[in-house]
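Ready for some helix geometry? Here are a few short exercises, each with a solution you can follow step by step. Keep the picture open while you work.

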Amino acid sequence: MAFTSWEFLLLTAGAAVVYYLLHRHTQWPVLLAASLIFYAAGGLGAMVWLFAIAAVTWGAGLVLERMNDARKALSKGDKAGQQRIKRRKKAVVAVTAVLCFGLVYVMKYWNTTVALFPAAVERVLPRWDFLMPLGLSFFTFQSVGYVIDVYRSKYAAQRNPAKYLLFVSFFPQMVQGPIGRYDALAPQLLAQRSVDWRMVDRGIQLAMWGYFKKMVIADRAAVVVNTVIGENCPYGGAVIFVGILAYSVQLYCDFSGGIDITRGVAQIFGIDMAENFLRPIFATSLADYWRRWHVSLGHWMRDYLFYPLSLSKPFAKLGKWGRHHLGGLPGKILATSAATFVVYLVIGIWHGVNFRYFVYGIWNGSLITISMLMEHRFLAWKQALHINDKSRGYHFFTMARTWLIVLFGRYIGSSPRLLVALSLMATTILHPVPSQLWDGTLLNLGITGTDWAIIGLGTAVVLAVETFQERGGKVRETLERQNGFVQWLAIAVPLIVILLLGVFRAGYISSSFIYGQY
Amino acid sequence: MKEKIIQIMSEICPGVDFATETALIDDGLVDSLDIVNIVTELMDVFDVEINVEDLLPENFNSVDAIAQLIEQLQE
């Protein structure tokens, strides 16, 4: 059931009406029922995997809580007992992680892994012919995060399996996250509430903003991307660069638009979900960019991979070795740099089993590691050159520098293979053919001049809103201070724009969300 | 102890006034990479074991909070 389908709107509206009409004790079961209907609509087979992940992580949570209680019951002096329980807890987390991520691995990568073997071995190995369940990696991250939090005694385990299943399967988050935290999300899902019209209104507005980004901007830009970026690209470098810009606009409007729909729909039920984007266009470094892009994944990686990895014994040993042999700042940050590198590599590989994602991970990991090592040198250079790093000009320079680095990475992300990405980069620099920008080539990329104008204007509106927000402005609070007519316009105008320029345009087929495949 | 902590932090994150800031994490002055670099250095210098569970914003928002965490861990 796609977010852009009438069925989804009907499900959301129906669930919201029932949710607020029924007795408050039965509110969370309504959300669970809506979530299961949403998931079942994608195929009953996929539900087996959803239930499997939910069952394994729910069970692990209960076992860990029992161990936490047993550990508390021991006296502080019983070090051997404490250590024994700690080892068992670690084993439970390890088995859970292997089972859950093992399933993600088999679903996403098994057949590609098999193809890497010589033909004789490949023939013997079994194939995995199940379809990838919707949102598998997102709800797996969310569930494993819960297990690790219970392991760390951050909160008590959920005893009720149905309530836990709702946390794992809450329907707006099933396509592409955000990856919620149990302590922030579950109490809201299980709360009893009466209708808050302000929240409903805000939810509808946020979801419409998401539909605008997805259906009016991203789906148009997608046509350009599909025409320009690919094998044997016949265009000059300038048009390829326009294609990469279109891909950047598409990716951002598609992913952040989808998340706005998710968060908007959740707000209709009074639920505030985690933010996933903090206006990455304003990032002043690559590290800052990744802090603002896909925030919930970044936080997951930080809390459950980067921190434990950096403080683990092998990395502590590496750190000691660095201090001893390298000395100075490089020696001190060697272990952290290595852990950072691993995290970016994992994120790269998570996107897909393709050499280009591996290179993409290395590209991001290397640049961030190098900039950490060079930080002091950069400061010295700035002082030597009398550069005022508080000035607007310098701030803009850091943003533009980040855009260039990100755009370079986008060549790798958008191309089907690494070689294609490299060839597109080479053409961009060596054969720009700028005349293609005004000789009518842009009007033969699958969209009309009007579509180009809509993409341009739409992107300008998104940028204007984000500039307002970046300066501390609150869009919806500002709208709510206006008179009734303006507030009414704020609903009617976007609705008309989405209907005319998104839903009812000739030959329109909404594409699925890019991050849905991950 | 506080002077030593400020010295460690200033080396890893130059340009931040650690003596007066009280929202190092909340205001984004120190990020997760810096935190781990600072933590590994603190463990080395003060001979304490800081666990992942201790990596909470409230423990690292100010030099005072860090000093308090180390004192707790030393007990």
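**Exercise 1.** Work out the handedness of the crossing of α1(B) and α2(B) in this predicted model, then describe how the two helices pack.

*Solution.* Start with the handedness: α1(B) and α2(B) cross in a right-handed way. Next, get the geometry: helix α1 (residues 2-12) of chain B and helix α2 (residues 32-46) of chain B pack at about 140°, and their axes are 10 Å apart. That angle makes α1(B) oblique to α2(B), because only angles over 145 degrees count as roughly antiparallel. Now look at who touches whom: α1(B) brings in residues including Ile5(B), Ile8(B) and Met9(B), while α2(B) offers, among them, Ile38(B), Leu42(B) and Phe46(B). Finally, sort the contact residues of α1(B) with α2(B): eight are nonpolar, one is polar and three are charged.

**Exercise 2.** Do the same for α14(A) and α15(A): which way do they run relative to each other?

*Solution.* First the angle: the axes of helix α14 (residues 328-350) and helix α15 (residues 355-384), both of chain A, cross at roughly 155° and come within 8 Å. So α14(A) is roughly antiparallel to α15(A). The crossing of this pair is right-handed. Sorting the contact residues of α14(A) with α15(A) gives 13 nonpolar, 10 polar and no charged.

**Exercise 3.** Which elements of chain A have the lowest and the highest mean pLDDT?

*Solution.* Begin with the whole chain: chain A has a mean pLDDT of 89. Then go element by element: helix α5 (residues 119-124) of chain A is lowest at 80, and helix α7 (residues 161-169) of chain A is highest at 97.

Definitions and conventions: Residues numbered from 1 in each chain as written. Chains lettered and ligands numbered in written order. Predicted model: local features only at pLDDT ≥ 70, side-chain atom pairs only at ≥ 80, totals over all residues. Heavy atoms only, no water. Axes fitted to C-alpha atoms, helices over the stretch in contact; angles between N-to-C directions. Helix = DSSP H or I, 4+ residues; strand = E, 2+ residues; numbered from the N terminus. Parallel < 35°, antiparallel > 145°, perpendicular 65-115°, else oblique. Left-handed = near helix turned anticlockwise from the far one by under 90°. Nonpolar A, V, L, I, M, F, W, Y, C, P; charged D, E, K, R; others polar. pLDDT = per-residue confidence, 0-100. Contact = heavy atoms within 4.5 Å.
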